[in-house]
Amino acid sequence: MASVETSCAYCGVGCGITIDTNSAKQTQLSTNIDGLGGAQPQFFGLTGTQQHPSNFGHLCAKGESLLQTLVTPNVLRFPRLASGKPISWEDAISTISQRFQAFINQYGSDSVAIYLSGQLLTEDYYVANKFAKGFLKTANVDTNSRLCMSSAVSAHLRAFGEDVVAGCYQDLELADVVVLVGSNAAWTHPVLFQRLLAARSKRGTKIVVIDPMLTATAKQADLHLAINPGADLDLFNHLLLHIEQTGQSDTNYIQSNTQGFTRVIEQLKLQYHSDNLGESSGISTEKLTAFFELFCSSQRVVTASCQGVNQSITGTSTTNAIINCHLARGQVGQVGSGFLSLTGQPNAMGGREVGGLATQLASHMGFSKSETQLLADFWQTDSVANHKGLTAVDMFDAVANGKIKAIWILGTNPVASLPDSHKVKQALNDCPFVVVSDITADSDTAKTADILLPALGWSQKDGTVTNSERTISRQRQFNHVSGDAKPDWWAIAQVAQHMGFNGFEFQNSYQVFNEHAQLSARVKSTFPNIQFDLTGLENITEQEYDQLLPTQWPINDVSQIGQQSTRIYTNGKFSTVTDKAQFINTVTVERELDKPSLPLGLQNLSTQEIILNSGRSRDQWHTMTRTGHVAKLRAHQPEPYLYLSAETMANTGLYENQLIRCQQTDSVINQTSIQTTRQTVENASSDLTTGFVARVKMDSHLKLGHGWSNMHWSEQFSPNAGVNKSISSITDPLSMQPAFKNQKVSLYDANINLQGMIFGDCEPQFIPAYWVQHALTDGLCRHVGFAENQSSQLNGKGQQLSWTYDLESGQRIDISCLIDTKRLSSLQILSKQSVKVALEAVNQLIGQTFDSQLLKTLQQLLNAGDSPLVCACTGVTEKQIIQSLQHNLTSELVKQAHEQPTLGQVQDAMQQQLGCGRQCGSCQSEVSQCSQDNWQQLLSEARHQQNKPGSEDVA
């Protein structure tokens with residue numbers, strides 16, 4: 001095996017990856033993957049696949065680091081009980097089947113549920129849905145895709161009659177205008193964003209970013225609309241009115257291929273007055289005019305959206321409002337135009353193809369009598385579910401109230417990822433029977449399981465995934481299996497057979513995929529309007545499956561294997577009963593909601609309240625079970641941060657680097673708020689289960705009264721963290737997708753007396769009120785915070801020493817250490833204020849001889865402070881960038897003599913020297929921002945140095 005072509009485990013871009021087993025001679029990306037028992041260590045290299053149509057060889061920092069994620073702590077190797085006792089697969093399968101059957105017999109089919117993941121293979125999804133919806137007769141099968149993509153799914157269904165992404169990635173490169181709504185693609189889909197930037201350089205594409213924050217993506221836009229959170233729906237409804245009123249609609253297309261246009265326009269005219277959009281959206285008239293003119297003056301316009309749109313109570317309606325605009329312009333299924341939903345997971349679309357959501361059946365079918373009968377005939381069963389099941393939030397509510405007695409969770413971490421996550425944790429702890437399939441026992445959800453099943457991880461799996469543009473790619477095994485881990489489809493099939501069901505005798509993933517393709521062919525022949533079609537793959541051999549090229553569906557003939565850049569609905573014929581796309585009325589939804597209306601006005605906020613948004617950080621993934629132990633991916637954001645503007649800090653009485661507790665407003669009623677005098681809140685809640693603790697950081701571009709925090713933290717890495725502890729479970733009423741965005745929360749001081757970090761192999765005598773586990777290149781450190789009444793004394797082997805040290809800045813540092821056999825074994829650094837130090841450098845002191853040189857080095861490091869990581873690919877810090885800029889500026893001044901070098905020239909020289917921003921490109925905006933922030937000061941210092949008289953001129 002010289003090389004293996006597979007696909008990335010992260011976002012929905014679906015990048016191709018080539019694994020090389022001879023990498024020691026060919027690449028520096030060589031990682032030792034430790035074997036099991038006496039197995040030989042294996043060496044692999046990783047590069048982007050040059051021929052893959054998603055990435056053409058490019059990878060982001062997370063993708064480049066995939067090999068490092070394979071060395072997962074506490075890997076699950078064998079089935080085991082909650083007690084930790086290992087059991088055989090036979091015993092596990094027998095117990096699961098007996099318990100599920102017993103609950104069904106006593107409480108009915110809907111007393112059991114399965115919760116899936118967009119990181120599963122299509123084959124895993126298929127067998128799970130066949131098992132539950134075809135034989136257990138329950139549609140209580142949902143997926144974490146509900147949390148990120150279901151609003152787009154619902155909008156597709158309403159507008160097109162089917163969950164279809166009509167366009168492709170190539171459209172981003174052929175468009176004249178690309179509008180990114182609620183998408184920080186530079187961080188979340190960096191490879192695709194780099195393709196977009198390359199298109200702009202080549203053909204002048206205009207990039208519009210609609211986002212409340214000045215994100216890494218917005219910083220690189222030609223036009224940034226800093227919209228008020230929740231105002232997207234109004235914006236696109238006004239855009240549709242503008243299209244109609246200025247005669248920019250394609251009347252022939254509308255008349256021939258759509259329905260409902262006149263009715264929707266009439267509703268919009270009743271609802272809106274064009275002169276109030278600036279006030280409600282927070283966007284200036286000039287920028288609104290520029291956006292409308294860009295959209296209407298270009299025939300090739302792509303609008304791409306992500307979680308900023310989807311994760312809202314109006315997510316479905318906003319998406320339909322966007323689609324309405326493209327339908328009005330005749331821009332669906334056409335080159336360089338249309339709506340593109342950017343999926344967040346590698347197989348969110350593959351799961352939807354096989355019925356992964358509780359609201360659908362396999363092959364894009366619903367629950368009509370004819371559709372359920374087709375499935376019954378094909379699967380040879382009389383137990384097909386005949387109604388929709390419980391979606392994610394409702395499913396775990398049903399676990400909490402006892403309606404669901406048994407649940408099987410595969411490849412996901414709902415205890416951390418769902419809103420009201422503390423309630424989800426309690427629900428699973430109280431549930432009579434919980435099965436979890438995962439690769440590690442460390443996740444928050446795994447710790448609630450009665451039975452833990454070892455699943456195959458990326459590098460061990462073999463099957464297919466489908467990306468955001470409908471491309472099916474093979475994910476291939478190249479690494480040995482850990483212990484007795486098994487494919488998820490195999491585990492489900494074994495339980496199904498043990499329960500007496502036929503049709504689950506699959507021997508490999510090819511057989512599962514083959515049945516999936518055959519079902520698709522049957523559905524397509526019965527319901528020809530359905531666009532999802534794998535007919536061309538139903539008769540491929542196992543060898544052809546093994547060698548399958550990345551291929552976009554629909555595939556109605558084997559000759560189409562390998563096809564790319566296809567579009568659907570190019571002829572104007574849609575998947576609806578009438579063959580026509582539907583304009584959707586989006587203005588009545590909020591009136592019908594029996595829930596609070598968003599966006600929330602600032603006049604409704606009390607002193608301690610803000611409007612909180614959350615999302616992904618650049619280098620992390622989901623709840624960090626895969627990426628949290630990789631040092632270079634942790635360096636960008638080592639602790640949970642809550643970002644606020646300086647004005648918001650002043651209004652709430654907070655200050656930068658303060659540790660605060662963030663809680664749902666409803667959970668902190670009648671508590672004393674933070675005062676603007678920055679007094680400590682004595683009686684704020686100490687219940688950490690109803691909120692999360694984070695460090696305040698300033699972002700001057702955030703709007704007044706608004707905050708942002710990333711979504712990744714879980715109790716695995718910090719018991720006090722997890723933004724979803726503060727997020728309520730309000731959902732979009734159409735898609736049932738949780739509205740993670742735009743929620744009102746309350747902020748309180750965390751009452752931390754001493755804070756800092758601990759290095760080495762020791763623990764404090766008492767559990768700190770705040771702690772965060774942080775992976776370093778060689779070991780771990782823990783960020784800690786002790787309350788007033790807590791002892792910070794260390795507990796470990798060796799002699800303990802303690803002393804204080806005053807920094808040159810005046811900050812007092814409390815230092816404690818353990819010395820074992822004359823070497824430093826543990827080190828604790830604490831202060832009343834946040835401690836800034838280069839963590840990797842301090843960690844290198846562990847294990848060294850404890851002497852005066854070590855103490856001198858420690859003092860130097862403490863005085864030097866820290867420097868934030870800017871580029872994960874190269875490890876370049878902010879300090880290194882500034883130093884390189886300074887060096888190159890001086891060099892340019894010498895070379896150019898009387899001419900002043902430009903920032904662009906000096907920054908380019910710096911990037912050539914350091915390589916930052918020149919790898920995956922996701923940090924380019926931060927590199928540029930760092931350069932811009934320091935340019936004037938560096939220029940002034942350089943001029944001063946240049947004009948400084950020489951020694952011979954000094955009197």
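## Aromatic pairs, cores and sheets

F291 and F295 are both buried, that is, under 20% relative accessible area, where over 50% is exposed and anything in between is partly exposed (1.4 Å probe, protein chains only). This is a predicted model, in which local features need pLDDT of at least 70 and side-chain atom pairs count only at pLDDT 80 or more, while totals for chains, interfaces and linings use all residues. Residues are numbered from 1 along each chain as its sequence is written, and side-chain values use heavy atoms, with hydrogens and water left out.

**Aromatic rings**

A search of the whole structure gives 24 aromatic pairs. Rings of Phe, Tyr and Trp (its six-membered ring) pair if their centres lie within 6.5 Å; planes under 30 degrees apart are stacked, over 60 edge-to-face, and the rest tilted. The ring centres of F291 and F295 lie 6.2 Å apart and the planes stand at 75°, so this pair is edge-to-face. Both residues belong to helix α14 (residues 285–297), where they are four residues apart, about one turn of the helix. Helices (H or I, at least four residues) and strands (E, at least two) are DSSP runs, numbered from the N terminus.

One aromatic cluster is formed by F131, F135, F501 and F504. The ring of F504 also has the charged end of K130 over it, 4.9 Å from the ring centre. A charge sits over a ring if NZ of Lys or CZ of Arg is within 6 Å of the ring centre and within 35 degrees of the ring normal. R470 places its charged end over the ring of W553, with 5.8 Å to the centre. W553 is also followed by a cis peptide bond to P554, with omega near 10°. P554 itself is in the loop between β19 and β20 (581–582).

**Nonpolar cores**

A nonpolar core is a set of buried Ala, Val, Leu, Ile, Met, Phe, Trp, Tyr and Cys residues joined through side-chain atoms within 4.5 Å. The largest has 166 residues, and those with the most contacts inside it are F131, I210, L235, F236, F291 and W408. Helix α5 (residues 122–136) gives the most to this core, with eight residues. A second, separate core has 40 residues, including A398, V434, A446 and L452.

Contact means heavy atoms within 4.5 Å. Apart from neighbours within four places in sequence, L235 is in contact with I210, L225, I227, L277, L288, F291 and F292.

**Around helices α19 and α21**

F396 lies in helix α19 (residues 392–400) and counts as buried at 3% relative accessibility. Not counting residues up to four places away in sequence, F396 touches Y115, I407, I409, P414, L418, V424, A427 and L428. C431 is 35 residues away from F396 in sequence and 10.0 Å away in space, C-alpha to C-alpha.

In helix α21 (residues 421–430), the buried residues are S421, H422, V424, A427 and L428. The cover over the buried residues of α21 includes α19, β14 (406–410), α20 (414–417), β15 (433–438) and β23 (659–664).

**Strands**

Two strands pair if DSSP finds at least two bridges between them. An open sheet of three strands runs in the order β17-β18-β19 with antiparallel pairing. Its edge strands, β17 (463–466) and β19 (551–552), each pair on one side only. Four antiparallel bridges join β17 to strand β18 (residues 471–475), and G463 has Q475 in β18 as its bridge partner.

Six strands close into a barrel in the order β21-β25-β22-β24-β23-β26, with mixed pairing. From one strand to the next the twist averages 45°; axes are lines fitted to C-alpha atoms, for helices over the stretch in contact, and angles run from 0 to 180 degrees between N-to-C directions. Strands β21 (residues 609–615) and β25 (residues 706–710) pair in the parallel sense over five bridges. The bridge partner of S614 in β25 is S709.

**Positive phi outside glycine**

The table sets out two loop residues.

| Residue | Phi | Loop | Relative accessible area |
|---|---|---|---|
| F56 | about 50° | between β4 (42–48) and α2 (61–64) | 40%, partly exposed |
| M624 | near 70° | between β21 and α26 (631–634) | 1%, buried |
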